Amino acid sequence: MLVLLWLLSSGMPASAAGPFGKGTVTGSLVLLHVDSLPAGDTSPELSRALAAGLALTLGPFGAHRVYFGTKPKVPLLYGLTFGGFGVLVLIDLGHILFTKDLSRYTDNDRILMWAHPRDAGVTPR
């Protein structure tokens, strides 16, 4: 999988002055080729950073959920509702950043990836 990330350094255009003085905006294109890592060497922090980057940039279209390996209905719903009107993406980003173990989000086909599955054996009275 090849992922393109556009990173901007802090600063303002050279012609504009901000509260921190004059500066320039410089950008660099970062190519991150995840498949080039040796098997078993995928760092959880790289996975977390990549998922967070996808949630920030393409989250309203469900790109972070595709990265985690979900069914096609989830990104379709994200795209139709623009990420739950931005709310689902922000909650997903919070869970990606602050959850210790991201493995419970992989291959998760629930719309709310943080919701616990219902017990099939328990029936209401």
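# Briefing: a predicted protein chain

P72 lies in the loop that links α2 (63-68) with α3 (73-85). The model is predicted. The protein chain holds four helices and four strands. Two topics get a closer look here: a surface patch and a salt bridge.

**The P72 loop**

- P72 counts as exposed because its relative accessibility is 71%, and the cut-off for exposed is over 50%.
- G62 sits 10 residues from P72 in sequence.
- In space, P72 and G62 are 9.7 Å apart, taken from C-alpha to C-alpha.

**Overall layout**

- Along the sequence, the elements of the protein chain run β-β-β-β-α-α-α-α.
- The strands therefore come before the helices in the pattern.
- The protein chain has 125 residues, and 26% of them are buried.
- Take the contacts in the protein chain with a separation of 6 or more: 44% of them join residues 24 or more positions apart.

**Surface**

- The protein chain has an accessible surface of about 8,700 Å².
- Carbon and sulfur atoms supply 66% of that surface.
- L58, F61 and F82 make up a nonpolar patch on the surface.
- Together, these three residues have about 310 Å² of accessible area.
- L58 belongs to helix α1, which covers residues 44-58.
- Is L58 buried, partly exposed or exposed? L58 is partly exposed, because its relative accessibility is 41%. That value falls between the cut-offs of 20% for buried and 50% for exposed.
- Patch members need over 30% relative accessible area, and L58 has 41%.

**The salt bridge**

- How many salt bridges does the count give? The count comes to one.
- The salt bridge joins the side chains of R48 and E45, with 3.8 Å from N to O. The cut-off for such a pair is within 4 Å.
- Where do R48 and E45 sit relative to each other? They are three residues apart in helix α1, so about one helical turn separates them.
- R48 is buried, because its relative accessible area is 11%, and buried means under 20%.
- E45 is exposed, because its relative accessible area is 52%, and exposed means over 50%.
- The salt bridge thus pairs a buried residue, R48, with an exposed one, E45.

**Helix α1 in brief**

- Helix α1 spans residues 44-58 and includes L58.
- R48 and E45, three residues apart, are also in helix α1.
- L58 of this helix is part of the nonpolar patch with F61 and F82.

Terms used: Residues numbered from 1 in each chain as written. Predicted model: local features only at pLDDT ≥ 70, side-chain atom pairs only at ≥ 80, totals over all residues. Heavy atoms only, no water. Helix = DSSP H or I, 4+ residues; strand = E, 2+ residues; numbered from the N terminus. Buried < 20%, exposed > 50% of the residue type's maximum accessible area, 1.4 Å probe, protein only. Contact = heavy atoms within 4.5 Å. Areas by Shrake-Rupley, 256 points an atom, 1.4 Å probe, with all protein chains shown as cover. Patch = residues over 30% accessible without salt bridge, like charges linked within 9 Å, V, L, I, M, F, W, Y side chains within 5 Å.
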